[in-house]
Amino acid sequence: MAVFDLAQQPLRELNRTLHDLPEETNETHWKVTNPMGLHNIAVGLDRPITVEIDGHVGYYCAGMNQQAEVLVNGNCGQGVAENMMSGRVVVRGNASQSAGATAHGGLLVIEGDAAARCGISLKGGDIVVKGSVGHMSAFMAQAGRIVVCGDAGEYLGDSLYEARIYVRGKVSQLGADCVEKEMEAAHLEELRDLLSAAGVEADPADFRRYGSARNLYHFNVDKMDSY
Amino acid sequence: MKPVPPHLRRSSTFPPEVVAEIQRAAGTSIYDIRGGGAKRRIPDFDDLLFLGASMSRYPLEGYREACDTTVQLGTRFANKPIEIKIPVTIAGMSFGALSANAKEGLGRGASEVGTSTTTGDGGMTPEERGQSKILVYQYLPSRYGMNPNDLRKADAIEIVVGQGAKPGGGGMLLGQKISERVADMRTLPEGIDQRSACRHPDWTGPDDLAIKIQELREITDWEKPIYVKVGATRTYYDTALAVKAGADVIVVDGMQGGTAATQDVFIEHVGIPTLPAVRLAVEALQELDMHRKVQLIVSGGIKNGADVAKALALGADAASIGTAAMIAMGDNAPELDEEYRALGTAAGYYDDWHEGRDPAGISTQDPELEQRLDPVVAGHRLANYLRVMTLECQTLARACGKSHVHNLEPEDLVALTVEASAMAKVPLAGTSWIPGAGGY
């Protein structure tokens, strides 16, 4: 395993080294020590490697990730795994706001809580939060799945498009055009797979499903109160 | 309508267009949405004049002595700054708002004369990338189609904070333009009204922006110039904050700048004109000792080489066009007047770009209409227009004795009106007076 000490080596060198790895690299497991809350650690990766970060990280860790598995043994700042395309990002602590924002693919697992706007503008990625999520989570989420094992803050799924939301705990308040929907067999199966992929032991039957009522899909002046 | 009898007095408060708008609102219960930029008369570059060379200034020979027009962009931090051959670029316009053929035409036209074109909300199309030698990739609040592979294919990245037609506003692309391809690129259901967010989903304010810029640089290994585009409002502070956040290039878009679709009330009543915005941005850059180190591109109502030359004289590095580029490619062409009239408008007035029924095949996703626009012909027309703008700009620069268009300076300008004088901070013609300068 290659070790990269951010107390000794600059961030630029880490990211460049990971970007420059050949497609068939044998160096598939990297450990990053002393992240010290630095921003933009392991961004833009596009190799099937594992990067394990020991400590807390700042903004946009694993941003725009492709293929790679990034494990954070600590808390994350804003926008972890933002715009992820594929791969897997696991946060062993809590995540600040906008976790998984606009992610197109891949799986983001947050073992603690996620702050506001988790999964904002989600575009096809999957997010599993073992704890709770803050307000305005899944705002304008277009596609993908968000699983919340704890509670969800106010305005969950506001202005939602086609993303699906599963919550086990209490929802403070649903956002505009977000409604509870029937949990069908296919959804239970989908949820079981997501929980399994995230390593969460939970019964899908304990969750509720939320989605778009699709009432705001076309601008309608008679729905002014919703805008 | 029959002619109005001459004894009837026209109201300045309620002219016919205001009366018509009240009647339209009363009949529909919805505000007016349209494309384009501000139509009201506001101080602009036409209110400035150049002082050509005379006894105390030495002109350059019009067709013999060189007047350089090349511009370097992104020299502050990017490992691969770009060079454009003319001081005019093509502004961001989305595939979705415009047809694929129109986007290809923009790329062809820009490339023919050695300048850049810009993507828009909705991502990068292969046609556009393929036909654009220099392509700026917009990073917008919606992040539609955003992905790291296209980011790396781009020659520069433009973080869009706002645009002149609607600073502080998002966007709406009506369902009739959300074709299967547009929907797929934006990860949305086909045919729905698509909203574009007004704020970025994962950063707020200049301190966050600095980290976001660093992220984009890290992802692209510090190769690409990073622009920050703002709608002209608090331009002095926006420019200073964008510089502090680490931008290589600032793009300032005045209220005349066009949009694909926004409320008319927004277009006409929010933002400031391009004229004062240029001066404010330059003042901020100069105060930070960053003028010419961080480049400035201005847009919003740029229509000819005189506008470009005046923007450069006030301190911009380049000007950018959107609406004018659409017109050059064939938008509002007089030969389509009958078809425009069938839509309730007329050639020269058509601005319902959001409806997707453009007979010119430009602001549409209708497959039949789109085929009307030949991207090769459209690109060539755009290139012609860009050449004319450049020649006009050079003509004016030579007349002021400048061997590079960047050597134009505020000292070469006077203003025709008190308002333009105050906004541009150049003297009223025939006087040494600049309103607001010197304490009076």
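Q: Which classes make up the lining of the second largest cavity, and what makes a residue nonpolar, polar or charged?
A: The lining of the second largest cavity divides into three nonpolar, four polar and two charged residues. Ala, Val, Leu, Ile, Met, Phe, Trp, Tyr, Cys and Pro count as nonpolar; Asp, Glu, Lys and Arg count as charged; the others, Gly among them, are polar. Lys123(A) and Arg195(B) are in this lining, and Lys and Arg are on the charged list. The model is predicted: local features need pLDDT of at least 70, side-chain atom pairs count only at pLDDT 80 or more, and totals for chains, interfaces and linings use all residues. Residues are numbered from 1 along each chain as its sequence is written, chains are lettered from A and ligands numbered from 1 in the order written, and side-chain values use heavy atoms, without hydrogens and water.

Q: What makes a space a cavity, and how many of 30 Å³ or more are found?
A: On a 1 Å grid over the protein atoms alone, a cavity is a set of points where a 1.4 Å probe fits but cannot get out; lining residues have an atom within 4 Å of a point. Grid points are joined across faces, edges and corners, and volume is the space filled by probe spheres set on them. The search of the whole structure gives three cavities of 30 Å³ or more. The largest has about 90 Å³, the second largest about 40 Å³.

Q: Which residues lie nearest the centre of the largest cavity?
A: Of 14 lining residues, Thr89(B), Ile90(B), Thr118(B), Glu158(B) and Ser320(B) lie nearest the centre. Strands β5 (88-90), β6 (116-118), β11 (226-231) and β14 (295-299) of chain B each give two or more residues to this lining. Helices (H or I, at least four residues) and strands (E, at least two) are DSSP runs, numbered from the N terminus.

Q: How do you know whether Cys178(A) is in a disulfide?
A: A disulfide is a pair of cysteine sulfur atoms within 2.5 Å. For Cys178(A), the nearest cysteine sulfur, that of Cys118(A), is 14 Å away, and Cys178(A) is in no disulfide. Cys400(B) is in none either: the sulfur of Cys67(B) is its nearest, at 9.9 Å. Over all chains, the count of disulfides is zero.

Q: Why is Tyr161(A) called buried or exposed?
A: Buried means under 20% relative accessible area, exposed over 50%, partly exposed in between (1.4 Å probe, protein chains only). Tyr161(A) is at 1%, so Tyr161(A) is buried. Contact means heavy atoms within 4.5 Å. Beyond four places in sequence, Tyr161(A) contacts residues of both chains, including Met140(A), Tyr217(A), Tyr144(B) and Arg195(B).

Q: Why does Met36(A) count as buried or exposed?
A: Met36(A) has 56% relative accessibility, so Met36(A) is exposed. Its place is the loop between β2 (29-33) and β3 (50-54) of chain A. Its phi is positive, near 50°, and Met36(A) is not glycine.

Q: What makes a set of residues a nonpolar core, and which members of the largest one touch the most others?
A: A nonpolar core is a set of buried Ala, Val, Leu, Ile, Met, Phe, Trp, Tyr and Cys residues joined through side-chain atoms within 4.5 Å. The largest has 92 residues; Leu48(B), Ile90(B), Leu296(B), Leu314(B), Ile321(B), Leu382(B) and Leu386(B) touch the most other members. Helix α14 (residues 375-399) of chain B gives the most, eight residues. Another core, of 51 residues, lies apart, with Leu14(A) and Ala103(A) among them.

Notes
1 Å grid on protein atoms, 1.4 Å probe; cavity = no way out; pocket = protein on both sides within 12 Å on 5 of 7 lines; lining within 4 Å.
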